[in-house]
Amino acid sequence: MRSKSILTEAKQIDRAVTLIQLGARLQVLESETDMSYERLLRLYKEVSGKSPSKGQLPFSTDWFMTWQPNIHASLFLNIHEYLNKVAEIDEIDTIIKAYRLYLEQTQAQGLEPLLSVTRAWRLVKFIDNGMLTMTKCSKCGGHFVTHPHEIAKHFVCGMCNPPARAGKGKAAGGLHIPQH
Ligand SMILES: [Zn+2]
């Protein structure tokens, strides 16, 4: 994981505002800026026009393993991994950039973006700490979010093997997962 660079105050505010506009939870802002809770709270209300939702962040990896969310999470992570390789920027900025591209992709295909920016951020943390990883689908060759130790030889992704109830059509997506 790349360390945080020392940011000017203006850059910190800018980053916080961007995250709020994308719908991030307050906990994400607290983790990714050095601004005080009180300042972030004020900023949040100013930018979003409402109080931040209370309650805990989702801690479980389960959501990412369900069918459609897995495809959305995989799309985001493919973009994120690509940017991570080509651009030398702070991790949170990579997440922001990748999340914007993910939104563009889903919008272009008329799909609802199932992955929130908070979940996208959480996903990158799960990858960093080894609770989740990516495994190549043995059929289509795309890379998908899985638990670690998935046996790649036998792994078939949710696009190649959708649940019976899914039927055909654009449901999960005509979402295109890039192949490496
Ligand atoms: Zn597949």
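This is a short tour of an aromatic cluster and the arginine beside one of its rings. Keep in mind that the model is predicted.

Over the whole structure, a search turns up four aromatic pairs. Start by selecting Trp63 and Phe64: their ring centres sit 5.2 Å apart with the planes at 90 degrees, so this pair is edge-to-face. While you have them highlighted, switch on a surface. Trp63 comes out as partly exposed, because its relative accessibility is 21% and buried would need under 20%. Phe64, on the other hand, is buried, at a relative accessible area of 1%.

Now keep Phe64 and add Phe126. These two rings make another edge-to-face pair, with 6.0 Å from centre to centre and 80 degrees between the planes. Colour the helices next: Phe64 belongs to helix α4 (residues 62-65) and Phe126 to helix α7 (residues 117-128), so the contact ties together parts 62 residues apart in sequence. Phe126 is buried as well, with a relative accessible area of 2%.

Show Trp63, Phe64 and Phe126 together and you have one aromatic cluster. Phe64 takes part in both pairs you have just visited, with Trp63 and with Phe126.

Last stop: which residue lies over the face of Trp63? Select Arg119, which is placed 4.3 Å from the ring centre.

Terms used. Residues numbered from 1 in each chain as written. Predicted model: local features only at pLDDT ≥ 70, side-chain atom pairs only at ≥ 80, totals over all residues. Heavy atoms only, no water. Phe/Tyr/Trp six-rings, centres within 6.5 Å; stacked < 30°, edge-to-face > 60°. Buried < 20%, exposed > 50% of the residue type's maximum accessible area, 1.4 Å probe, protein only. Helix = DSSP H or I, 4+ residues; strand = E, 2+ residues; numbered from the N terminus. Lys NZ or Arg CZ within 6 Å of the ring centre and 35° of its normal.
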